Structures are given as C-alpha cells and as structure tokens.
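Let's take a walk through a protein model together. Keep the 3D view open and turn it as you read.

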Amino acid sequence: MTRVRDVLLPEGANELAGAPLVDGFQRSITYLRLSVTDRCDLRCSYCMPERMQFLPRKEVLSLEELYKLSLGFIARGVSKIRITGGEPLVRRDIVELFQALGRKIGDGLDELTLTTNGTQLADHSDALYAAGVRRINVSLDTLDREKFAQLSRRDALPQVLEGIRAAKKAGLSVKINAVALKGINEREIADLVGWAHAEGHDATLIEVMPLGEVEGDRVDHYLPLSQVREELESRWTLTTSAHATGGPARYVDIAETGGRLGFITPLTENFCAGCNRLRVTATGQLYPCLGGGERVDLRAALRSDSPDENLQAALDEALRIKPERHHFDISERGADPAQPRHMSVTGG
C-alpha cells in the first residue's frame, strides 16, 4: 500500500501551479487550516456534546489525499499550513503527514504548524520538531484540575501539562489558546496568562463561537474580550504589538509579565477584512468562511478521473463564493448556532 512518505509530485508538476489564490474582495489566501480528523480524546462542553457522533472512517481523506491536497494549495501560493482537528495527534501515523509536508518547507511552504489539546504531545513532540514544526498552539482553558475535568469531561490536565513541558523541551515554541468563558474561567484568565508567560509561552484569548449544538446555551458563557481586556488593563500595562502570525489574533505586550497576549474577537471586533484563510475538513470539504455555509467538495475532485484539473477548478470556485465576512452572533437565548457543524468538524 502506498504510504504518504512515498507520494511524490507527478511529472510536469509545474503545470499544477495556477494563479495565486485571491478572492473576490482582493484578499490573498496564503494560509490553509487543514483538519485531519473530527475525532478528539476530550469533550469540551463549548465544542461538542458528550455523545458526539464522529464521521465514518471511510469518509475521511487518507493521509496520501491530504498530502496531495496540500500540494495543490502550495502550488497556488499557500505558504502556511496548520494541521487541525478534532485532535490531530490522535490520528494513526499522522507524523508521516508532518514529515512529508515538512520537506516542502523552503520549497513553497514557509511554515507548518498545528493546533492541539496537548494530550498526545509527550509522545510526539520530538518527531514534530524533527519534521520541521517549530511553533504550535495548545488549547488550555484552565489550570484547575477539577474545572478542567468538568469543562473537558476528561481528567487529563496532568497529561496536557506534561505534553506542554515535552514540547518546550523538544524546542517547540508553544502558544496557549484559551476560550474566555463567563462563569467558568473568567476569574482565572489573568493567572492563566501569567503562568503561560512565566513558562516562556505566548497566550491568546478567544471568544466562544456559535458552531454546532452543545448542551446548555452559549449565551450563558459568552464573555466579550473587550471586557476581559479592561480587567487586565487594571492589573497590567498592555501595549499594542505589531507582532503577527498570519492568523486573526491581534497582540499586545504586557510589561509586567514580559510576554505577549493575543485576542481573537469574532463577535466584538470583526477581523474579516484581513482574512487570508481557507479551511478544509477531514472529509475534504472546503469552507471559505468558518461562519458560513458555503463549501466546495475537494474530495470529489481528488477522487475524480482528472484530480489535478478538478482540484484547481474547485479552488477557483471557493474563491468565487468566499463571503466578505461572517455573521456570528450570541445575543439571543435559545437561538440556533450560526452553523450546525461543530468546530471539531470544520477544524479550529
């Protein structure tokens, strides 16, 4: 059976290169968020229900298909790929995909990274670094073990902290991502940020997003980051930073901690004007907008009789239908989510 490490660009690969990816609003698309699985070993309450119905494995793209898909994006000017999930590191042999894509760094790809919940990092950090990964995001909303278990429905905080230590030891730069949740972690956000900076990690705060049905109502836990920032400014000196990673976060430097803090604000401060991203699910569905229902089926293109030609046509269609902005809203109790799919399906 063909392994992803053996998949090479076909002869005449230069013919795969098309026009750079530019949407109808003249935004250059250089960043791909590629989900490799919808499965996760945690069940964070704001992300998915406890009894989550995961996709049949036959519907998920093979590692070889994910690699070929990535090559198609790189040929059109994508220079950054973030591997996402679900939890990407629970997928069997996933390191092979990192190794294959890592060989494209410096040859069309500037950066290869991932977002993870940290539970598997102790086993994979050295291999990730060897594959060319230098920077990762770890989702961590609390340092309180009991609260972590309540929020994620799994008692895995020690495992996550061990993974973060392993990543740091392996040479990976770690950024801590925390979703701000009213009534859950709002009183410990400053302590979480302070801990991250003391450990040498950047941190980013994220507003909860209305994707997929979950138990409870997101209105109860929506915490505007404008409010969080005001509270942090009463404690620390925050200075706007010019730092950028290619994603939607806007950063500040904190004088007292010596660290950097990002804010991702899809609800209180729309950032769509500078969107440079496309998202592809583990089943090959390309969503031009996280908050939109528009999609293009890349799996069908990949499995067609003319995969290269049809993939390029599908990418052109995605650019055509990419909307100007999302319309997230969490203001009405009992309202349906902006999209029925869960974040774990789309890819974080």
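What follows goes from the whole chain down to a few single residues.

**The whole chain**

First things first: this is a predicted model. Confidence comes as a score called pLDDT, and its mean over the chain is 86, with 83% of the residues reaching 70 or more. Some stretches score poorly, though. Residues 8-15 stay under 50, and the model gives them four contacts beyond four places in sequence. Residues 335-342 are also below 50, yet that stretch has 33 contacts beyond near neighbours in sequence. Where pLDDT is low, the predicted coordinates should not be read in detail.

The chain has 348 residues, and buried ones make up 56% of them. Its secondary structure comes to ten helices and twelve strands. About 15500 Å² of the chain is exposed, and carbon and sulfur atoms supply 46% of that area. Now take the contacts between residues at least 6 apart in sequence: 73% of them join residues at least 24 apart.

**The sheet**

In what order do the strands of the open sheet line up? Reading across, you get 7-8-9-6-5-4-3-2-1-10-11-12, with mixed pairing. Strand 7 (238-240) and strand 12 sit at the edges with a single partner strand each, so one side of each has no neighbour in the sheet.

Let's look at the strand 7 edge. Strand 7 runs antiparallel to strand 8 (residues 250-254), and three bridges join the two. If you want a spot to find on screen, Leu238 stands opposite Ile254 in strand 8.

Now move to strand 1 (residues 31-35), where five of five residues are buried. Both of its faces are covered: Tyr31, Arg33 and Ser35 are buried on one side, and Leu32 and Leu34 on the other. Strand 1 pairs in the parallel sense with strand 2 (residues 80-84), over five bridges. It also pairs in the parallel sense with strand 10 (residues 277-280), over four bridges. Tyr31 is a handy marker here, as it stands opposite Lys80 in strand 2 and opposite Arg277 in strand 10.

**Three buried residues**

Here are three residues to click on, with how accessible each one is.

| Residue | Place | Relative accessibility |
|---|---|---|
| Arg279 | strand 10 | 12% |
| Thr142 | loop between strand 4 (135-139) and helix 4 (145-152) | 1% |
| Gln285 | strand 11 | 8% |

Is Arg279 buried or exposed? With 12% relative accessibility, it counts as buried, because the cut-off for buried is under 20%. Arg279 also shows how folding brings distant parts of a chain together in space: Arg279 and Leu32 are 247 residues apart in sequence, but their C-alpha atoms are 6.0 Å apart.

Next comes Thr142, which counts as buried at 1%. Leaving out residues up to four places away in sequence, Thr142 touches Lys147, Phe148, Leu157, Glu188 and Leu192. With one of these, Glu188, its side chain makes a polar contact of 2.9 Å. A polar atom of the Thr142 side chain also lies 3.0 Å from the backbone nitrogen of Asp144. And Ala178 is 36 residues away from Thr142 in sequence, with 7.8 Å between the C-alpha atoms.

Which side chain makes a polar contact with the side chain of Gln285? That would be Arg295, at 2.6 Å. Gln285 touches Arg279, Val280, Arg295, Val296 and Asp297, again not counting residues up to four places away in sequence. So Arg279 from the table turns up here too, as one of the residues that Gln285 touches.

**Helix 9**

Last stop: helix 9 (residues 307-321). You can check its length with a bit of arithmetic. At 1.5 Å a residue, its 15 residues should span 21 Å, and the end C-alpha atoms are 21 Å apart, which agrees.

Which residues of helix 9 are buried? They are Leu311, Gln312, Ala314, Leu315, Ala318, Leu319 and Ile321. What covers them includes helix 1 (63-75), strand 11 (285-287), strand 12 (296-297) and helix 8 (298-302). Strand 11 is also where Gln285 lies, and strand 12 is one of the two edge strands of the sheet.

How values were computed
Residues are numbered from 1 along each chain as its sequence is written. This is a predicted model: local features need pLDDT of at least 70, side-chain atom pairs count only at pLDDT 80 or more; totals for chains, interfaces and linings use all residues. Side-chain values use heavy atoms; hydrogens and water are left out. Buried means under 20% relative accessible area, exposed over 50%, partly exposed in between (1.4 Å probe, protein chains only). Two strands pair if DSSP finds at least two bridges between them. The expected span of a helix is 1.5 Å times one less than its number of residues. Contact means heavy atoms within 4.5 Å. pLDDT is the predictor's confidence in each residue, from 0 to 100. A polar contact is a pair of N or O atoms within 3.5 Å; within protein, one must be able to donate a hydrogen and the other to accept it, and residues adjacent in sequence count only if both atoms are side-chain atoms. Accessible areas come from the Shrake-Rupley method with a 1.4 Å probe; for residues, only the protein chains shown count as cover.
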